[in-house]
Amino acid sequence: MKRTILKTLLVAAVVAGCISCTESGLKYRLEGKIADMEQDDTLLLIDAMTEDTVALVPVVKGVITPVEGTVKETVYAVLTNKDRTAGLQPIFVEEGTITIEGSMNGYFPVKLSGTPLNDDAGKMVKAVMDLSDEFEKDENADPEDFVKRLGAITAGTIRQHKDDLLGYFVLTQFNEGIEQDEMNELLALLEPKFGEDENFKAMKEAYEKKAETGEGKMFIDFEAEYEGKIQKLSDYVGKGNYVLVDFWASWCGPCRAEIPNLIAAYNKYKAKGLVVLGVATWDKPEDTLKAIEEDKIPYPQIMNAQKAGSDAYGIEGIPQIILFGPDGTIVARDLRGEAIEAKLAEIYK
């Protein structure tokens, strides 16, 4: 798993909240550098929950013109360009001077410090990036060990910040590597503080769905309509063959990176009865069709599934590749890369 893959596991944050604040508000100052801005421009500091603009942030020759302001309560924010296609997070707008350095296409700031939450967020980001660098340099590194160590970092941060926005950011937006049982424990830990938040509720529901669709569970059916035709998962699953199902989208880089692995599996094992199926998730049908043509995908697709499949299986990030047994029992989830071939080789000995 490369750093670029690590970053793509990260989906855009949509949460915010507050900690103790005074009647006069919290006075902040934002300063720092943006490495990849070749032209002077003005960025937006956006409240990630309301999508309201907290402040305009001028950048001249890559240097942020310091911005000062007041917020009524601590805000979890994203620093983004005007069309909101690239940005940096997390940034906690709280009392004090916040220093940030990074790239608009880097997701995480390279440097984030100056106030309590930003200091701790910066330490977490450094730990994650150091781990990613270590993994990249070791050709014999064990992906499972990487994920386990990543989970220790994220879960540890959540426990230390169960009552503030940093813990909530990690729980809802960057929880890679945390196993189901521990995630249930962490959800319970944060529920007294954040249980009424809609994003928290959605995430809790997603993990409940994951528990219902874990290994050994029977498949849950769903359907999608495209050009007047209804397709169901049960059209393929539970029919006597192993079925490898890829929940993907045309815009998802890691999804497209897995397609050669899926095509290889299809070509190698189709004669033995393996069915490979794509489920177009959160995608426009015309974009899905274009990607199918570009990548020369030979196996069938459930088109225009949108949220139907992801809701049924508690999927928060794609690709999600699930192997179903001949009777519809879930054999494995979260298959990626070499793990796909390893699991199939085990089955088709």
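Of the 349 residues in this protein, 48% count as buried, where buried means under 20% relative accessible area, exposed means over 50%, and partly exposed falls in between (1.4 Å probe, protein chains only). Before you click around, know that this is a predicted model: local features need pLDDT of at least 70, side-chain atom pairs count only at pLDDT 80 or more, and totals for chains, interfaces and linings use all residues. Residues are numbered from 1 along each chain as its sequence is written, and side-chain values use heavy atoms, with hydrogens and water left out.

**The whole thing**

Start zoomed out, in cartoon view. You'll find 10 helices and 15 strands; helices (H or I, at least four residues) and strands (E, at least two) are DSSP runs, numbered from the N terminus. The C-alpha atoms fill a box of roughly 70 × 50 × 45 Å along the principal axes. How does the radius of gyration fit a compact globule? The protein has 22 Å, which agrees with the value near 20 Å for a compact globule of 349 residues. That radius is taken over C-alpha atoms, and the globule rule is 2.2 Å times the number of residues to the power 0.38.

Now switch on the surface. About 16800 Å² is accessible, and 49% of that belongs to carbon and sulfur atoms; these areas come from the Shrake-Rupley method with a 1.4 Å probe, and for residues only the protein chains shown count as cover.

**Stop one: strand β1**

Select residues 26-34, which is β1, and show the side chains. They alternate: Leu-26, Tyr-28, Leu-30, Gly-32 and Ile-34 point to one face and are buried. Lys-27, Arg-29, Glu-31 and Lys-33 point to the other face and are not buried.

Next, add the neighbours. Strand β4 (residues 63-71) runs antiparallel to β1, joined by 7 bridges, and two strands pair if DSSP finds at least two bridges between them. Look for Gly-32, which stands opposite Ile-64 in β4. Then pick β7 (residues 96-102), which runs parallel to β1 and is joined to it by 7 bridges. Here Tyr-28 stands opposite Gly-96.

**Stop two: the β5-β6 hairpin**

Select residues 75-80 for β5, an antiparallel partner of β6 with 5 bridges between them. One pair to click on is Ala-77 and its bridge partner in β6, Ile-91. Between the two strands of this hairpin there are 6 residues, and Arg-84 in the turn has a positive phi of about 60°. Is β6 (residues 87-93) mostly covered or mostly uncovered? Mostly covered: 7 of its 7 residues are buried.

**Stop three: helix α2**

Move on to residues 116-137, helix α2, and find Ser-132 there. Ser-132 is buried, with a relative accessible area of 0%. Leu-150 is 18 residues from Ser-132 in sequence and 8.9 Å away in space, C-alpha to C-alpha.

Asn-118 is in α2 as well, and it counts as buried because its relative accessibility is 0%. Leaving aside residues up to four places away in sequence, Asn-118 touches Pro-90, Ile-91, Phe-92, Glu-94, Ile-98, Leu-112 and Ser-113, with contact meaning heavy atoms within 4.5 Å.

**Last stop: helix α7**

Finish at Glu-258, in helix α7 (residues 253-269). Glu-258 is buried at 7% relative accessible area. Among the residues that Glu-258 touches, beyond four places away in sequence, are Pro-319, Arg-336 and Ile-340.
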